[in-house]
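Me: I would like to learn how to read the sheets of a model, and the helices that lie on them. Could we work through a case together?

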Amino acid sequence: MKYKTLKINNEFEAIHASELASNIAIQMGFGKLESSQITLAVSEIAGNAVKFAGKGTVNFNVKKNKRVLEVVIKDKGPGISKNNKIVGEGYKFFKTSLGVGLKAAERAMDEFFIKSKPGKGTTVVMRKFLHMPDDEIEYGVVSLNDEQNIVNGDSYVIKEFDGDKVLLSVIDGLGEGPVANKAANFVKDFIEDNYRLNLTKMVVKCDKYFRKQKKKKNGDITAAVFGLFLLKSGSLEYLGIGDTNIRVISKKKISLFSKGGLVGEYNLPALNVQKEHCGREIIVIMHTDGISDRFTDDILPLNQSAQKIADFIMNKFRREYGDATILVLKRKK
Amino acid sequence: MAKKNSSSEVAISRRKIGGEAPMVVAEVTDSCLYTGFFGTLDSARMRLVTEKLLEVLERTGINMIIIDLSNIDIIDSAVAAHLVRVGETMRLVGTEAVFCGVMPVIAQTMINAGVEFKGFRLFRDFKSCLKYVLNKQGLMLVPFSPNPAEQAQQQQP
């Protein structure tokens, strides 16, 4: 879907661009909040272009089968130095709203890239992904901490991106209570920041990151086991390290396995990502070791919602001790 | 770029879309102001709003201001935090800022970002906000007598 390049020469036109962005977003199926976020991001960046460069251009690109809205805003202004980019939060709001605006736009969008050199102008590329509709895909999660612990040493990630992909992970931090919680959240944050990496790279990098953290002064971080599951339109990938479980229920028989080991301590095992083709209809169940894997597909309420399936498994198969996390994905079409 | 509609539409849309702060300011009583923001409150517009608010505060005798957020589509967390600071600035000057109309979606953004409206009164809607403000000023809304005869008597000198 092609839109003509919009030229913006003043504040009115910058705001008009933000309103146009909102219209495009709504047409694409974004909700009210999301289209408001897009309006805000375009308003901030287009406003900056006009303010600092006098003029600029705004391009709207609808990508990936109308599931991704990309906005590219360029100007040939003075550019932003690395230092300036960080400036702007807190009291400096009055001195320059540049940094605040950039951060606000970044928070409002799913992806945000900025290319700028002092004297060479600025290009900002931002994208927002359309969530996959509920009648197409749904998720169910239950994550509970062991009664003895104040915090949960388990964590999980559900990251939709590009309008048609989803990355799932269940994470179990090594240790008990706050120690495990810290490790699990460490991995969670890492995955959420690096969701585009291929699965092998993600594990290797995460491992390196753990070790780097340990070398720091307050680097009291342990390790973690986790599984990474990437679902695309017609295929899937899995890489699991340690005692982490996954089950796939679909027309085609698919068996996925995790490798023994630990991420963040000792050497990683050989990392082989399992890749399989799959149909659109698929149910994926991932869980940590707080849940027994002794359930067979036929006893599960598979025709109910993903959340009901997750609740069922948690109720019937939770082990006596330990943190427990169950994550269910159900893609219907 | 301006739509060639009736001139009044153009006038309104021009005012709405830039150059000026997206806000209305009105007097509720001699010592209380109402201000409502609308649309997208981005950082640039927040600066304009802040300038205008502080400008308006210089008017003597204002000791309360109602800040109505019900027409804001979206606010960024940093901008919201800044808004709270503006409220604190007002407090220093001796003006109590009272907020109303925080939409659930906006509230969620603020809570997730850790923005706190510590020490500020928050009301669901303008009506309840108004009651509080009038009360604070020692005023209250009193209905005319429901008895038509009495009402007729009252209306005669």
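Me: What is the strand order in the open sheet of five strands that includes strand 1 of chain A, and how do its strands pair?

Reply: In general, strands of a sheet pair through backbone hydrogen bonds, either parallel or antiparallel. In this predicted model, the open sheet of five strands has the order 1-2-3-5-4 in chain A, with antiparallel pairing. Strands here are DSSP runs (E, at least two residues), as helices are runs of H or I of at least four residues, both numbered from the N terminus, and two strands pair if DSSP finds at least two bridges between them. Strand 1 (6–8) and strand 4 (111–116) of chain A stand at the edges with a single partner strand each, so one side of each has no neighbour in the sheet. From one strand to the next the twist averages 15 degrees, where axes are lines fitted to C-alpha atoms, for helices over the stretch in contact, and angles run from 0 to 180 degrees between N-to-C directions.

Me: What conventions should I keep in mind?

Reply: Residues are numbered from 1 along each chain as its sequence is written, and chains are lettered from A and ligands numbered from 1 in the order in which they are written. As the model is predicted, local features need pLDDT of at least 70 and side-chain atom pairs count only at pLDDT 80 or more, while totals for chains, interfaces and linings use all residues, and side-chain values use heavy atoms, with hydrogens and water left out.

Me: How many bridges join strand 2 and strand 3 of chain A?

Reply: Strand 2 (residues 56–63) and strand 3 (residues 68–75) of chain A are joined by seven bridges in the antiparallel sense, and A:Thr57 has A:Lys74 in strand 3 as its bridge partner.

Me: Which strands does helix 1 of chain A lie across?

Reply: Contact means heavy atoms within 4.5 Å. Helix 1 (residues 11–28) of chain A lies across strand 1, strand 2 and strand 3, at about 5 degrees to strand 2, whereas helix 2 (residues 32–53) of chain A lies across strand 1, strand 3, strand 4 and strand 5 (122–129), at about 10 degrees to strand 3.

Me: What is the order of the open sheet that includes strand 7 of chain A?

Reply: That open sheet of five strands in chain A has the order 7-8-9-10-12, with antiparallel pairing, and its edge strands are strand 7 (154–161) and strand 12 (274–277), each pairing on one side only. Its neighbouring strands are turned by 10 degrees against each other on average, direction ignored.
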